[in-house]
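Here are some notes on one part of the fold, set out point by point. Please read them with the structure open.

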Amino acid sequence: MSPSAEGLLEVALDQARLGAEEGGIPIGAALFRSDGSLLGAGRNRRIQFGDPSAHGETDAFRAAGRQRDYRSTIMVTTLSPCWYCSGLVRQFNIGGLIVGENVTFDGGHEWLREHRVDVTVLRNQDCIDLMTDFIAREPEVWNEDIGY
């Protein structure tokens, strides 16, 4: 039985909540095998690490370690990926992408779909609420993170 998108999203959502508790930007991600086995999870840690490249997807990707083939993996992220993270998915030929929401930021997921990545957008209310609250509270940090 294949894993449900909502079930996989819970791992990324837990990471986003942890990032928020740490004072960071509440974006979480996880990389899974196609059978639902977790390879690595991470969160946006730009604030925590003072590292502009520490996005949720890159953190999860690094936590997963080297894989021989990424085509059968699924990147799950609470927010539509920015161009940097979309490039990571494309560069390593990650086969699937599950997006928690694209309401607060409509990133590169359509571009990835055009490049044969299997994309699912959930519009999960918990993901939307986390980002909406953060953006209202920390607009300068959000604008810095997203490149505005």
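Which residue of strand 3 does A30 stand opposite?

1. The residue is V76: A30 stands opposite V76 in strand 3. The model is predicted, and the pairing should be read with that in mind. Strand 1 (residues 28–33) and strand 3 run antiparallel and are joined by 5 bridges.

2. Strand 3 also pairs with strand 4 (residues 96–99); these two run parallel, with 4 bridges between them. In this pairing, M75 stands opposite L97 in strand 4.

3. Burial of strand 3 is easy to state: 5 of its 5 residues are buried. In a regular strand, side chains alternate between the two faces of the sheet. Here T73, M75 and T77 lie on one side, I74 and V76 lie on the other, and both faces are covered.

4. Strand 3 and strand 4 belong, together with helix 4, to a right-handed β-α-β unit.

5. Helix 4 spans residues 83–91, and its buried residues are C85, S86, L88 and V89. These four sit on the same side of helix 4 because they cover an arc of only 155° around the axis. The face turned away from that buried side carries the exposed residues W83 and Q91.

6. What do the buried residues of helix 4 pack against? Their partners are strand 3 (73–77), helix 3 (56–64) and helix 5 (109–114).

7. A backbone detail to check: N93, just after helix 4, takes a positive phi of about 60°.

Key: Residues are numbered from 1 along each chain as its sequence is written. This is a predicted model: local features need pLDDT of at least 70, side-chain atom pairs count only at pLDDT 80 or more; totals for chains, interfaces and linings use all residues. Side-chain values use heavy atoms; hydrogens and water are left out. Buried means under 20% relative accessible area, exposed over 50%, partly exposed in between (1.4 Å probe, protein chains only). The arc is that of the directions from the helix axis to the C-beta atoms. Contact means heavy atoms within 4.5 Å. Two strands pair if DSSP finds at least two bridges between them. A crossover is right-handed if, with the strands pointing away from the viewer, the path from the first strand over the helix to the second runs clockwise.
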